[in-house]
Amino acid sequence: MFLRRGHAISYILLSVLLLPVAAAHSQTAVRNSYTRLMKRGMEQVKRGEYQAARDSFEEALRYANSRAEAHLGIGIASFLLDDDERAERELKRTVEINPREAIAYQMLGELCYRKDDLEAAVSYWEKAVELNPSDSKSRARLERVRREHDTEKDFNRAVTGHFLAKYEGGKRTYAGRIVLGILEEAYSDVGRSLTYYPDQEIQIILYSGAQFREVTDAPGWSGGVFDGKIRIPIGGIETETPGLRRLLYHEYTHAVVHAITSRCPTWLNEGLAQYFEGRKISAAQREALRRIVRPGKLPPLSNLEGPFTRLSGDRARYAYLFSLSAVQYMVDNFGMYRVKNVLEELADRADTAEAISDGLAVSYEEFERGWKRSLE
């Protein structure tokens with residue numbers, strides 16, 4: 001299961017922060033230029049044009065180097081571009097100019113979280129909440145990071161060339177080796193199919209069932225989570241099992257998709273994760289799909305672009321089935337090369353319909369009609 005974290009909140013925070021800029025800089029030509037560039041950068045961030053946004057904020061900075069908002073804009077755009085070194089530098093410059101800039105502390109916390117420095121992340125988020133105590137979302141984020149830090153602070157670590165595993169106590173050392181071995185196979189198998197290999201270390205965290213529920217707040221039907229890190233509840237594993245292999249391939253696929261684009265619609269993300277775990281649609285499921293599609297009761301894919309986390313068990317099962325069916329149709333009829341094209345298009349734009357159209361060379365509507373006809 002994929003949980004969205006980090007990126008969406010960043011551009012919302014950015015737009016909220018920078019809206020007052022126009023009123024504050026409307027008197028001179030220089031200030032007007034600054035305002036225009038800051039507005040342009042905001043709009044580019046909202047559209048997902050992060051590099052263009054950073055360019056706009058950098059140009060604005062030439063008109064007002066001492067303005068915290070421009071440094072903040074560059075910092076957030078750099079964060080969204082995964083340029084963590086630049087992001088940290090600009091965000092620290094922001095709080096040097098304006099020590100009361102809560103959003104900068106939030107983003108510094110996100111940077112530390114991404115580096116797995118949970119203690120520093122908590123410290124930054126505490127400062128953000130101190131400056132803006134009425135921000136319930138920031139407070140909830142702080143509490144979640146605190147829970148995670150308290151749970152994982154004494155965990156052991158094991159590392160391979162591409163993964164970092166964290167787990168509690170020596171009794172899970174063998175389980176960690178098994179998990180890392182499977183993930184290295186997934187790295188090769190999924191990488192060959194998508195011709196993509198993440199170049200950043202991916203974290204996998206092994207919890208008890210109670211720890212998993214405490215840290216993730218995942219629905220009861222979830223067997224694992226990817227929210228920037230792979231998190232799975234695990235018992236006393238003594239050997240590899242087919243179920244464990246499927247789960248790890250599933251969550252690793254989410255990590256790969258996220259490395260390509262943070263804007264993948266959920267049906268495509270979950271469909272690909274099931275495809276690479278090796279899940280097949282059974283004869284009974286195919287018949288169920290026929291019974292749904294014939295009277296026109298199959299929901300449009302646009303209804304399945306958002307998170308599945310709030311769905312009940314039955315509704316979630318159908319959402320996952322629809323997703324797998326649509327992705328299987330996409331792979332069978334367009335090939336994995338064009339699926340990868342869609343993901344790359346999504347990395348450049350926020351509009352799913354445009355990404356499908358450019359990636360598959362058919363419109364979203366045509367793709368969906370073809371998929372539904374294939375089920376009849």
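**Close-up views of a predicted model**

**View 1. Helices H7 and H9 cross in a left-handed manner.** In this predicted model, the axes of H7 and H9 lie 12 Å apart and are inclined to each other at an angle of about 25°, which makes H7 roughly parallel to H9. On the H7 side the contact is formed by Gln106, Glu110 and Tyr113, and these residues meet Ser138, Arg141, Arg144, Val145 and Glu148 of H9. Sorted by class, the residues of the contact of H7 with H9 comprise two nonpolar, two polar and four charged.

**View 2. Helix H5 packs against helix H7.** H5, which spans residues 68–80, has an axis that comes within 11 Å of the axis of H7, and the two axes cross at roughly 25°; H5 is therefore roughly parallel to H7. The crossing of H5 and H7 is left-handed. Leu72, Ile76 and Phe79 are the residues of H5 in this contact, and their partners in H7 are Ile103, Ala104, Met107, Glu110, Leu111 and Arg114. Seven residues of the contact of H5 with H7 are nonpolar, none is polar and two are charged. Glu110 of H7 takes part in this contact with H5 and also in the contact with H9 shown in the preceding view.

**View 3. Helix H8 and the residues it buries.** H8 runs over residues 118–131, and its 14 residues reach 20 Å from the first C-alpha to the last, close to the 20 Å expected at 1.5 Å a residue. Its buried residues are Leu118, Ala120, Ala121, Val122, Trp125, Ala128, Val129 and Leu131, and what covers them includes helix H7 (102–114) and helix H9 (136–152).

**View 4. Helices H8 and H9 pack against each other.** The axes of H8 and H9 are 9 Å apart and make an angle of about 155°; because that angle is over 145 degrees, H8 and H9 are roughly antiparallel to each other. The crossing in which H8 passes H9 is left-handed. From H8 the contact draws on Leu118, Glu119, Ala121, Val122, Trp125, Glu126 and Val129, while H9 supplies Ser138, Arg139, Arg141, Leu142, Val145, Arg146, Glu148, His149 and Glu152. Counted by class, this contact of H8 with H9 holds seven nonpolar, two polar and seven charged residues.

**View 5. Arg231 is a buried residue of the model.** Arg231 lies in strand E5, which covers residues 230–233, and it counts as buried because its relative accessibility is 0%. When its neighbours within four places in sequence are left aside, Arg231 is in contact with Tyr113, Arg144, Glu148, Glu152, Ile205, Tyr207, Phe212, Val215, Thr216, Gly224 and Val225. Among these partners, Tyr113 belongs to the H7 side of the contact with H9, and Glu152 belongs to the H9 side of the contact with H8. Lys166 is 65 residues away from Arg231 in sequence, and the C-alpha atoms of the two are 9.6 Å apart in space.

**View 6. Helix H16 and its packing partners.** H16, formed by residues 336–348, has 13 residues and reaches 19 Å between its first and last C-alpha atoms, close to the 18 Å expected at 1.5 Å a residue. The residues of H16 that are buried are Met336, Val339, Lys340, Asn341, Val342, Leu343 and Leu346. These buried residues pack against H10, helix H12 (242–260), H13, helix H15 (313–334) and H17.

**View 7. Three loop residues: Thr195, Ala361 and Gly278.** Most residues other than glycine have a negative phi. Thr195, however, has a positive phi of about 45° although it is not a glycine, and this residue is placed in the loop between helix H10 (173–194) and strand E3 (202–207). Because its relative accessibility is 58%, Thr195 counts as exposed. Ala361, found in the loop that joins helix H17 (352–360) to helix H18 (364–375), likewise has a positive phi, near 65°, without being a glycine, and with a relative accessibility of 56% Ala361 also counts as exposed. Gly278 is located in the loop between helix H13 (266–277) and helix H14 (283–293), and Gly278 counts as partly exposed, because its relative accessibility is 39%. The C-alpha atom of Gly278 is separated by 8.6 Å from that of Tyr249, a residue 29 residues apart from it along the chain.

Key
Residues are numbered from 1 along each chain as its sequence is written. This is a predicted model: local features need pLDDT of at least 70, side-chain atom pairs count only at pLDDT 80 or more; totals for chains, interfaces and linings use all residues. Side-chain values use heavy atoms; hydrogens and water are left out. Helices (H or I, at least four residues) and strands (E, at least two) are DSSP runs, numbered from the N terminus. The expected span of a helix is 1.5 Å times one less than its number of residues. Buried means under 20% relative accessible area, exposed over 50%, partly exposed in between (1.4 Å probe, protein chains only). Contact means heavy atoms within 4.5 Å. Axes are lines fitted to C-alpha atoms, for helices over the stretch in contact, and angles run from 0 to 180 degrees between N-to-C directions. Angles under 35 degrees count as roughly parallel, over 145 as roughly antiparallel, 65 to 115 as roughly perpendicular and the rest as oblique. A crossing is left-handed if the near helix is turned anticlockwise from the far one by less than a right angle, and right-handed if clockwise. Ala, Val, Leu, Ile, Met, Phe, Trp, Tyr, Cys and Pro count as nonpolar, Asp, Glu, Lys and Arg as charged, and the others, Gly among them, as polar.
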